[in-house]
Amino acid sequence: MLAASQLVMVGGYALLAVGVSGSLFVGSIVVGICYGVRLAVSVPTVSELFGLKVFGLMYNLLILNLPLGSFLFSSLLAGFLYDREAAKDGSSTTCVGVHCYRVVFIVMAGVSALGFFLDVLLTLRTRALYASIQRSKLAASGTGSSSSPKRSQ
């Protein structure tokens, strides 16, 4: 789910970068839903991978990406690129048009694509862990059902 939502997010950012009529609304909705999916799926994933003993620390590190990403991408990157586009238009403060944030959305799509590949790598690296979790669940449910008495004819 993490990789799938990240791949859909790439499409949402690409839609925002294109700037056709209605793409701002649809792209914003797609990206917002994908962020929601990532937050919802990340919590149990962290719990399964690291256990409940260090869950508080890992959860706080996971949530740290929200203000850190907001600062880096919204304040620094988007602000710098917006000012650069405004200077190209001949103004020092105002930029009007789709091109003002196009590079920002392309960069975000690239970062999301990198996130997709990292999610695929995580999936490949944790495949054995999830297989053992599944085996233990099947073994636990299998022993409980085998103790039921058989019906006599």
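This report describes the fold, the nonpolar core and several individual residues of a predicted protein model.

**Overall architecture**

The protein chain contains 6 helices and 0 strands. Its order along the sequence is α-α-α-α-α-α. The radius of gyration of the protein chain is 23 Å, well over the 15 Å given by the globule rule for 153 residues, so the chain is more spread out than a compact globule. The C-alpha trace, taken along its principal axes, spans about 90 × 35 × 20 Å.

Of the 153 residues in the protein chain, 23% are buried. The surface exposed by the protein chain comes to about 10300 Å², and carbon and sulfur atoms supply 70% of that area. Among contacts with a separation of 6 or more, 56% join residues that stand 24 or more positions apart. As for charge, the protein chain carries 11 positive and 5 negative charges, whose mean positions are 23 Å apart.

**The nonpolar core**

The largest nonpolar core has 11 residues in all: Met9, Val10, Tyr13, Leu16, Val31, Cys34, Ala78, Leu81, Val104, Met108 and Ala109. At least two residues of this core come from each of helix H1 (2-18), helix H2 (23-50), helix H4 (65-88) and helix H5 (99-125). Helix H1 gives the most, with 4 residues. In soluble globular proteins, nonpolar side chains tend to be buried together.

Ala109 belongs to this core. Leaving aside neighbours within four places in sequence, Ala109 is in contact with Val10, Tyr13 and Ala14. Two of these partners, Val10 and Tyr13, are also listed in the core.

**Residues of helices H5 and H2**

Phe116 is found in helix H5. This residue is buried because its relative accessible area is 18%, and the limit for a buried residue is under 20%. Apart from residues up to four places away in sequence, Phe116 touches Ala3, Gln6 and Leu7. The C-alpha atoms of Phe116 and Ser5 are separated by 8.4 Å, although the two residues are 111 residues apart along the chain.

Asp119 also has its place in helix H5. With a relative accessible area of 8%, Asp119 is buried. Its contacts, not counting residues up to four places away in sequence, are Leu2, Ala3, Gln6 and Arg38. Ala3 and Gln6 thus appear among the contacts of both Phe116 and Asp119.

Tyr35 lies in helix H2. At 36% relative accessibility, Tyr35 counts as partly exposed. When residues up to four places away in sequence are left out, Tyr35 touches Met9, Tyr13 and Met108. These three partners are members of the largest nonpolar core. Ser5, which was named above as a partner in the distance from Phe116, is 30 residues from Tyr35 in sequence and 7.9 Å from it in space, C-alpha to C-alpha.

**Residues of helix H6**

Helix H6 covers residues 127-146 and includes Ala139. Ala131 likewise has its place in helix H6. Ala139 is partly exposed, with a relative accessible area of 45%. Ala131 is partly exposed as well, and its relative accessible area is 30%.

Each of these two alanines can be set against a residue at a lower position in the sequence. Ala139 and Val103 are 36 residues apart in sequence and 52 Å apart in space, C-alpha to C-alpha. For Ala131 and Cys100, the separation is 31 residues in sequence and 47 Å in space, again from C-alpha to C-alpha.

**Sequence separation and distance in space**

The table collects the C-alpha distances given above.

| Residue pair | Separation in sequence | C-alpha distance |
|---|---|---|
| Phe116 and Ser5 | 111 residues | 8.4 Å |
| Tyr35 and Ser5 | 30 residues | 7.9 Å |
| Ala139 and Val103 | 36 residues | 52 Å |
| Ala131 and Cys100 | 31 residues | 47 Å |

How values were computed. Residues numbered from 1 in each chain as written. Predicted model: local features only at pLDDT ≥ 70, side-chain atom pairs only at ≥ 80, totals over all residues. Heavy atoms only, no water. Rg over C-alpha atoms; globule rule 2.2 N^0.38 Å. Buried < 20%, exposed > 50% of the residue type's maximum accessible area, 1.4 Å probe, protein only. Contact = heavy atoms within 4.5 Å. Areas by Shrake-Rupley, 256 points an atom, 1.4 Å probe, with all protein chains shown as cover. Lys, Arg positive; Asp, Glu negative; His and termini not counted. Charge placed at Lys NZ, Arg CZ, Asp CG, Glu CD. Core = buried A, V, L, I, M, F, W, Y, C linked by side-chain atoms within 4.5 Å.
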